[in-house]
Structure formats: structure tokens, C-alpha cells
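This report examines the structure shown below, one region at a time. The reader is invited to keep the sequence and the model in view and to locate each residue as it is named.

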Amino acid sequence: MSNGHKVIDVLLVEDDPGDVLMTREAFEDHKVTNRLSVVSDGVSAMAFLRKEGEYADAPTPDLILLDLNLPRMDGREVLGELKSDPALRQIPVVVLTTSEAEEDVVRSYSLHANAYVTKPVDFDRFIDVVRQIDDFFVTVVRLPGR
């Protein structure tokens with residue numbers, strides 16, 4: 001517990017090592033005590049969520065930060081599978097991507113993303129955005145209990 005708030009498990013699905021590093025730094029910089037797990041492609045994301053193979057002991061995330069442009073299985077496919085799975089569909093998903101394409105925004109919401117955020121390229125702004133997402137999901141939103 002930090003500041004009286006529940007610690008949550010966050011799964012970051014991101015293939016760009018720089019964005020992974022910035023997200024980790026945002027969590028550390030903000031003194032975010034939430035647990036951050038990272039996978040770098042869609043196939044690994046689904047294995048993590050289904051606790052398959054090397055992810056057998058993975059925590060069930062309270063929140064997923066999902067990039068759209070991923071190798072092996074893109075974020076749109078992950079979102080579609082995740083939201084059609086009764087065991088996983090209640091996990092909130094924030095699409096965090098560089099794409100500003102209207103079709104990606106529309107498709108993400110059609111696939112039941114909970115939010116769509118375009119990644120800022122500026123480091124300080126990126127840190128601020130991750131901090132705001134964290135604040136919102138930790139202090140404002142009531143997440144489903146486990």
C-alpha cells in the first residue's frame with residue numbers, strides 16, 4: 001500500500017525497449033509501487049494472461065498497458081482475444097501507442113479498450129502521461145476484485 005492506495009499489478013505489452021525503460025522510469029520517478037510486468041509481443045501477452053509455460057506463476061494484472069504495433073500478434077489481435085475471453089475481459093486495457101490514426105482509435109474502442117492514449121515523444125510528457133494513467137486507475141477507478 002502506498003499513500004493508502006492498493007498496490008496493483010500492471011502488465012505492459014511493449015516491444016520498444018526505450019518505451020519500456022521510460023515506463024519503468026515513470027513508475028520509479030513517481031514512486032509508483034505498483035508491480036510492473038513486461039512482455040514484448042502479443043503471443044507472450046496472451047501466454048502471460050493465460051498463465052501458460054514460463055508464465056505459469058504470473059500475477060493476474062489489474063491493468064494492461066497495450067501497444068498496438070507488436071511482433072507475432074499485434075495489439076489489436078491481443079485486445080480482441082482478451083475481450084472475448086470470459087476469464088480476462090474484465091481487465092481494463094489502456095491502449096498506449098504511437099498511432100494517431102482515427103481507424104486505430106475507433107477499432108480499439110470497438111474491441112472494448114477502456115482508453116486510448118497516444119504516446120508523447122517528449123520524455124517529461126511521457127512520464128506525466130504514465131503518472132496520470134496510474135493515478136486514475138489507482139485513486140479514481142474501482143477495479144474488479146480478485
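## The buried side of helix α3

In this predicted model, the buried residues of α3 include G75, R76, V78, L79, L82 and K83. Around the helix axis they span an arc of only 160°, so they lie on the same side of α3. These buried residues pack against α2, β3, β4 and α4, the last of which covers 102–110.

The N-terminal end of α3 is capped by D74, which has a side-chain oxygen 3.0 Å from the backbone nitrogen of R76. R76 and D74 also form a salt bridge, in which the closest N and O atoms are 3.1 Å apart. R76 counts as buried because its relative accessibility is 13%, and the limit for that class is under 20%.

## The nonpolar cores

Which residues of the largest nonpolar core touch the most other members? They are L11, V13, V39, L49, I64 and L66, out of 24 residues in this core. At least two residues of the core come from each of β1 (9–13), α2 (42–49), β3 (63–66), α3 (75–84) and β4 (93–97). The largest share belongs to α2, which supplies five residues.

Another core, of 21 residues, lies apart from the largest one, and A26, L65, L96 and V130 are among its members. Within the largest core, V39 may serve as an example of a member with many contacts. Not counting residues up to four places away in sequence, V39 touches L11, L12, V13, E14, S44, A45, F48 and Y55.

## E14 in its loop

E14 is placed in the loop between β1 and α1, a helix that covers 17–29. Is E14 buried or exposed? E14 is buried, because its relative accessible area is 3%, and buried means under 20%. The side chain of E14 also reaches the backbone nitrogen of D16, at 2.8 Å.

When residues up to four places away in sequence are not counted, E14 touches D19, V20, V39, S40, D67, L70 and K119. V39, already described as a member of the largest nonpolar core, is thus one of the residues that E14 touches.

## D67 and its annotation

The UniProt record, in an unreviewed entry, lists D67 under "modified residue: 4-aspartylphosphate". In the model, D67 lies in the loop between β3 and α3. D67 is classed as buried because its relative accessible area is 5%.

Leaving aside neighbours within four places in sequence, D67 is in contact with V13, E14, D15, G75, L96, T97, T98 and K119. Among these contacts, G75 is one of the buried residues of α3, while L96 belongs to the core of 21 residues.

## Salt bridges across the chain

How many salt bridges does a search of the whole structure find? The search finds 10. One of them joins the side chains of K119 and D19, with an N to O distance of 2.7 Å. This pair links distant parts of the chain: K119 is in the loop between β5 (115–118) and α5 (123–140), whereas D19 is in helix α1, and the two are 100 residues apart. K119 is buried, with a relative accessible area of 9%, and D19 is buried as well, at 11% relative accessibility.

A further salt bridge is formed by D85 and R50, whose closest N and O atoms are 3.6 Å apart. Here too distant parts of the chain are linked: D85 lies in the loop between α3 and β4, R50 lies in the loop between α2 and β3, and 35 residues separate them. D85 counts as buried at 16% relative accessibility, but R50 counts as partly exposed at 35%. Salt bridges that share partners also join E14, D19, D67 and K119 into one network.

## P120 in the loop before α5

P120 is placed in the loop between β5 and α5. This residue is buried, because its relative accessible area is 15%, which is under the 20% limit. Apart from neighbours within four places in sequence, P120 is in contact with R125, F126 and V129.

P120 and V39 are 81 residues apart along the chain, and their C-alpha atoms are separated by 21 Å.

Key
Residues are numbered from 1 along each chain as its sequence is written. This is a predicted model: local features need pLDDT of at least 70, side-chain atom pairs count only at pLDDT 80 or more; totals for chains, interfaces and linings use all residues. Side-chain values use heavy atoms; hydrogens and water are left out. A nonpolar core is a set of buried Ala, Val, Leu, Ile, Met, Phe, Trp, Tyr and Cys residues joined through side-chain atoms within 4.5 Å. Buried means under 20% relative accessible area, exposed over 50%, partly exposed in between (1.4 Å probe, protein chains only). Helices (H or I, at least four residues) and strands (E, at least two) are DSSP runs, numbered from the N terminus. Contact means heavy atoms within 4.5 Å. A polar contact is a pair of N or O atoms within 3.5 Å; within protein, one must be able to donate a hydrogen and the other to accept it, and residues adjacent in sequence count only if both atoms are side-chain atoms. A salt bridge is a side-chain nitrogen of Lys or Arg within 4 Å of a carboxyl oxygen of Asp or Glu. UniProt positions are given in the numbering used here, feature names are shortened, and annotations may be inferred rather than shown by experiment. The arc is that of the directions from the helix axis to the C-beta atoms.
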